[in-house]
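The following note sets out points for a colleague who is examining the model. The points move from the overall architecture to the sheet, the helices, the ligand shell and a single residue.

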Amino acid sequence: MGTSISNPPEGEATATTQRRYDRQAALFDLTELPLELLVFRGLRRRLWGQIDGQHVLEIGVGTGKNIPFHPANARVVAIDLSPKMLSRAVSRAGSLEHRPDFVLADAQHLPFRNGAFEETASTFVFCSVPDPIAGLKEARRVVRDDGHVNLLEHVRAPNSLLGWLMDRLNPIAVRLTGANINRDTVANVERAGIRLDSVESEKLGIVRLMRGLHPRGAPARVEDTRKIRPVLPPK
Ligand SMILES: C[S@@+](CC[C@H](N)C(=O)[O-])C[C@H]1O[C@@H](n2cnc3c(N)ncnc32)[C@H](O)[C@@H]1O
């Protein structure tokens with residue numbers, strides 16, 4: 001078990017996203033606490049309850065709020081773009097027996113071979129990945145043919161007035177938090193070539209719990225041969 005760094009972020013939008021999460025890492029858990037207790041925690045439990053693989057990739061682990069829900073019998077690799085968010089996750093995992101392996105990496109260019117995992121899991125991540133379809137294609141690429149992509153995401157409200165309001169507020173939300181509040185992530189998942197097996201709708205349709213399948217026979221991308229360099233845990 002350890003902490004690694006792969007490729008540095010590419011592109012201005014990705015660097016900006018990294019800076020935004022680094023900036024809020026120290027207060028992230030505190031600012032999200034009410035929503036966490038009232039809404040998110042139960043949904044996290046449901047997402048992780050549907051995962052039964054032995055090799056699991058958590059994309060965008062953040063400060064590690066999902067770590068208590070990681071299956072005890074699985075080997076979990078947890079990645080994030082932000083060194084400061086990742087550092088919090090490393091501290092949260094502490095000396096747990098089933099500590100994940102942490103990797104500083106960009107979801108848009110995952111440093112793993114095709115089909116390396118049985119399952120991927122992510123919670124509230126693809127609202128902030130600059131190119132969400134590229135990131136979702138990567139999630140699809142790194143799961144086995146019979147694997148699953150599991151997502152918990154907030155999306156643009158289906159109600160037209162609420163959706164309109166989210167569109168107006170989105171530029172402010174992105175600047176403050178890095179998260180787009182009006183993305184249609186269900187459509188993005190399908191655009192990325194993931195066949196959705198189930199989509200559950202919660203909280204006026206603003207939160208979606210998704211489980212997708214890698215369609216068999218989809219063309220695999222050439223294996224990514226970039227190396228992962230071990231480094232000390234980020235401070
Ligand atoms: C809203 S936070 C959610 C964190 C955690 N999954 C949770 O549920 O609390 C979004 C996370 O996605 C990460 N992220 C954004 N873009 C990313 C990318 N391109 N690659 C990897 N992680 C990314 C951010 O650094 C941040 O930690």
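1. Status and confidence. The structure under review is a predicted model. Its mean pLDDT is 89, and 87% of the residues score at least 70. The stretch 217-235 is the exception to note, since its pLDDT is below 50. That stretch nevertheless has 32 contacts in the model beyond near neighbours in sequence. Any reading of those contacts should be set beside the pLDDT of the stretch.

2. Overall architecture. Five helices and nine strands make up the secondary structure of the chain. Their order along the sequence is β-α-β-β-α-β-β-α-β-α-α-β-β-β. The chain has 235 residues, of which 40% count as buried. Among contacts with a separation of 6 or more, 71% link residues 24 or more positions apart.

3. Strand E6. How many of the 12 residues of strand E6 are buried? Nine are, so the strand, which spans residues 143-154, is largely enclosed by the rest of the structure. E6 pairs with two strands described here. Strand E5 (residues 117-123) runs parallel to E6 and is joined to it by six bridges; within this pairing, alanine 121 has asparagine 150 of E6 as its bridge partner. Strand E8 (residues 207-213) runs antiparallel to E6, with seven bridges between them. In that pairing, histidine 154 lies opposite valine 207 of E8.

4. Strand E2 and its partners. Strand E2 (55-59) is mostly covered, with four of its five residues buried. E2 is parallel to E3, the pairing comprising five bridges, and isoleucine 59 faces isoleucine 79 of E3 across it. E2 is also parallel to E5, here over three bridges, with glutamate 58 placed opposite alanine 121 of E5. Alanine 121 thus recurs in two pairings: it is opposite glutamate 58, and it is the bridge partner of asparagine 150 in E6.

5. Strands E3 and E4. Strand E3 (residues 75-80) and strand E4 (residues 101-104) are parallel and share four bridges. Isoleucine 79 is bridged to valine 103 of E4. Helix H2 (residues 83-93) carries the chain from E3 to E4 in a right-handed β-α-β crossover. Isoleucine 79 also stands opposite isoleucine 59, so that residue deserves inspection alongside the general rule that follows. In a regular strand, side chains alternate between the two faces of the sheet.

6. Helix H3. A second right-handed β-α-β unit is formed by E5, helix H3 (residues 132-142) and E6. H3 is mostly covered, eight of its 11 residues being buried. The buried residues are Pro132, Gly135, Leu136, Glu138, Ala139, Arg140, Arg141 and Val142. The elements that cover them include E2, E5, E6 and helix H5 (185-191).

7. Helix H2 and alanine 89. In H2, the buried residues are Met85, Leu86, Ser87, Arg88, Ala89, Val90 and Ala93. Just after the helix, glycine 94 adopts a positive phi of about 45°. Why does alanine 89 count as buried? There are 26 other C-beta atoms within 10 Å of this residue, and the cut-off for a buried residue is 20 or more. Leaving out residues up to four places away in sequence, alanine 89 touches Val61, Gly62, Thr63, Gly64, Ile67, Ala78, Asp80 and Phe102. For one of these, isoleucine 67, the C-alpha atom lies 8.1 Å from that of alanine 89, and the two residues are 22 residues apart along the chain.

8. The ligand shell. Which residues come nearest to the ligand? Of the 22 residues around the ligand, they are Tyr21, Gly60, Gly62, Leu81 and Ala107. The shell comprises 10 nonpolar, nine polar and three charged residues. Helix H1 (12-49) and E3 each contribute at least two residues to the shell, and the largest share, three residues, comes from H1. Gly62 is thus listed among the residues that come nearest to the ligand and among those that alanine 89 touches.

Conventions. Residues numbered from 1 in each chain as written. Predicted model: local features only at pLDDT ≥ 70, side-chain atom pairs only at ≥ 80, totals over all residues. Contact = placed C-beta atoms within 7 Å. Pairing = 2+ DSSP bridges. Right-handed = clockwise from strand over helix to strand, strands pointing away. pLDDT = per-residue confidence, 0-100. Near = placed C-beta within 6 Å. Nonpolar A, V, L, I, M, F, W, Y, C, P; charged D, E, K, R; others polar.
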